[in-house]
Amino acid sequence: MIEAQGLTKVYGDKTAVDAVNFTVQAGRVTGFLGPNGAGKSTTMRMIMGLDSPTAGTVTVNGVPFARHAAPLREIGALLDAKAVHTGRSAYNHLLAMAATHSIPKKRVREVIEMTGLGDVAKKKVKGFSLGMGQRLGIAAALLGDPQTIILDEPVNGLDPEGVVWVRNLVRYLASEGRTVFLSSHLMSEMALTADHLIVIGRGKIIADAPIKDIITGNGQGRTRVRTDQPDQLMNVLAGNGVSIEVQDHELLEVKGLDPRTIARAALDNRVMIYELTPLQASLEEAYMELTKDEVEYHSLITTGAPVPAQPGGN
Amino acid sequence: MSTSTFVQPGSGSTGPVNTSGNARPRPGPSFFRVLNSEFIKFRTLLSTLILLASTAVVMVGFGALSAWGTGQFADAAASDPSAAEAMAAQGGDLAVTVPTSGIAFAQLILGSLGVLLMSSEFTTGMARSTFAAVPKRIPAFLAKLVVVMVSAFLLTAVSTYIAGLVSVPILDNYGLKLDLGSAQSVKLLLVNSVYVASVAAIGMAMGTLVRNSAGGIMSLVGLFFVAPIAFQLIPGEFFEEARKYLPGNTINPLTAVEHVPDTLEAWQAALVLGAWVVVPLVLAMVLLKKRDV
């Protein structure tokens with residue numbers, strides 16, 4: 001379990017992480033989602049004791065990381081695929097890491113096999129692709145067989161097979177009761193991997209909820225209904241907490257009722273409907289909605305900022 | 001009545017939960033283990049091995065060259081009374097310093113190695129792995145310091161001895177005797193090795209403070225090669241006096257057979273060099289502990 005309380009990091013006049021509170025529970029995959037520069041990596045480095053918080057605390061299983069007697073056996077982290085001296089081979093890198101905790105060579109070979117680095121383990125890391133670097137970082141994180149695993153952008157640079165492998169690995173680790181904390185700026189990946197989401201934007205937590213809740217927007221499921229009697233149907237469905245939007249001549253979007261209730265009401269009142277589609281916001285939409293005010297680097301083109309008019313142009 | 005539970009002695013249940021239990025031993029980063037790790041890191045980098053090998057080659061090569069040059073000088077002295085006088089002024093034993101004649105280069109290369117071993121941690125990002133494994137940081141620093149100093153000491157000592165072995169037959173050609181087992185030979189070997197180890201330690205401190213390879217090596221070169229010359233060129237008694245206290249100028253008083261006037265006493269030189277080692281190292285450790293990685 002990871003617990004952050006009032007965790008703050010200030011660089012000069014920029015607040016990278018702004019008094020965040022969150023808890024990462026064991027036994028599930030917790031996604032840490034946010035746009036670039038939102039404070040994900042800084043938060044993770046503070047968990048690992050590499051950056052010291054300006055204010056607040058963060059503990060792993062109740063104790064600050066640095067005070068654990070055997071840190072690598074407590075928490076393993078992939079913070080940066082390049083946290084390796086590239087002149088050394090993957091095997092020697094892991095061997096040196098393992099030596100600090102008397103982790104046997106057998107375990108080093110195990111994590112090499114586990115991460116599919118067997119063929120390149122004796123080669124210098126210099127020649128590694130980004131994906132191989134990620135695998136080495138994950139191997140290092142697993143070295144001490146830790147109860148808590150932190151992975152910063154683990155699927156970056158992985159091929160599709162690697163992405164699926166990471167997904168299965170973290171799900172397996174969580175199913176064993178471990179705490180898995182995974183950051184990404186890819187919402188689609190989170191939708192497939194995480195059970196719980198912590199969304200961060202500009203250093204602040206903007207959502208901390210099960211992934212289902214974030215997608216459905218706190219139970220605000222919508223249903224698309226097509227009928228040739230839209231007025232009658234609207235009268236029938238109208239009620240407390242129900243909102244209906246007329247989208248087209250015979251097309252309605254209903255919020256606040258589930259499809260079964262809509263169908264029952266239509267049948268009871270002899271209103272014919274010819275489409276009934278439950279709509280689910282994609283995580284992507286939910287994420288965009290959540291972070292639209294919190295994105296650090298807006299692109300002028302996608303936000304549609306007005307371009308100064310060209311003289312004489314139209 | 002529930003308050004009684006709070007005063008129960010040893011109520012560890014409210015403390016941090018050890019989620020993995022105590023079923024198997026879970027060794028952590030003890031100093032010996034961290035030292036082993038740093039030694040693995042040291043011997044698994046080709047660049048380190050190249051620097052070590054080139055130091056040995058330079059030391060032995062300069063020893064041989066110096067043996068030849070000293071022999072030529074001695075030959076000249078036999079027919080030239082003024083050269084003989086110059087030799088007598090050196091205590092009559094020119095040959096004894098031959099094995100350590102490459103020491104200036106050894107200190108430059110091994111000092112740079114000290115810088116690189118630490119600065120590369122930061123430039124490559126390895127530091128994040130190192131200090132995640134050893135979050136208290138200082139044990140990793142001290143372990144690396146032991147590896148750097150011991151390897152610099154051993155390499156200088158062994159290279160000096162080999163340079164001596166190579167020099168003996170060359171000097172013999174010129175009728176000069178070099179006894180590698182004499183008290184002064186052993187003293188020169190040990191003092192020079194300790195000196196190079198100290199330079200490597202200063203280099204490591206620089207690498208930790210600057211966190212940049214080029215910057216660290218330039219600081220070291222500035223301190224050992226530029227400052228002595230600059231201090232000599234700048235007029236004024238202050239610089240004349242301050243020059244004696246530069247770390248690179250401690251080696252002559254330390255190895256002198258007899259005290260040379262207008263230089264530091266050997267014990268003073270030892271203290272000055274010690275300060276040049278300890279102060280940057282302590283500063284480096286304080287900042288290493290404080291700064292973000």
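The following exchange walks through parts of a predicted model.

Colleague: How many of the residues of strand 3 of chain A are buried?

Modeller: Strand 3 of chain A covers residues 29-33, and its side chains can be followed in two directions: Val29(A), Gly31(A) and Leu33(A) point one way, while Thr30(A) and Phe32(A) point the other way. Residues on both sides are buried, and the strand is accordingly described as mostly covered, with the buried count being 5 of its 5 residues.

Colleague: Which residue is the bridge partner of Gly31(A) in strand 8 of chain A?

Modeller: Strand 3 of chain A pairs in the parallel sense with strand 7 (residues 179-184) of chain A over 5 bridges, and there the partner of Gly31(A) is Leu182(A). Strand 3 of chain A also pairs in the parallel sense with strand 8 (residues 196-201) of chain A, over 4 bridges. In strand 8 of chain A, the bridge partner of Gly31(A) is Leu197(A).

Colleague: What separates the centres of domain 1 and domain 2 of chain A?

Modeller: The domain assignment of chain A places domain 1 at 2-216 and domain 2 at 222-279. Taken over C-alpha atoms, the separation of the two centres is 46 Å.

Colleague: Are helix 4 and helix 5 of chain B roughly parallel or roughly perpendicular to each other?

Modeller: The axes of helix 4 (residues 103-124) and helix 5 (residues 126-133) of chain B come within 5 Å and cross at roughly 105°. Angles of 65 to 115 degrees count as roughly perpendicular, and therefore helix 4 and helix 5 of chain B are roughly perpendicular.

Terms used:
Residues are numbered from 1 along each chain as its sequence is written. Chains are lettered from A and ligands numbered from 1 in the order in which they are written. This is a predicted model: local features need pLDDT of at least 70, side-chain atom pairs count only at pLDDT 80 or more; totals for chains, interfaces and linings use all residues. A residue is buried if 20 or more other C-beta atoms lie within 10 Å of its own, exposed if 12 or fewer, and partly exposed in between; C-beta atoms are placed from the backbone. Two strands pair if DSSP finds at least two bridges between them. Domain bounds come from an automatic or database domain assignment. Axes are lines fitted to C-alpha atoms, for helices over the stretch in contact, and angles run from 0 to 180 degrees between N-to-C directions. Angles under 35 degrees count as roughly parallel, over 145 as roughly antiparallel, 65 to 115 as roughly perpendicular and the rest as oblique.
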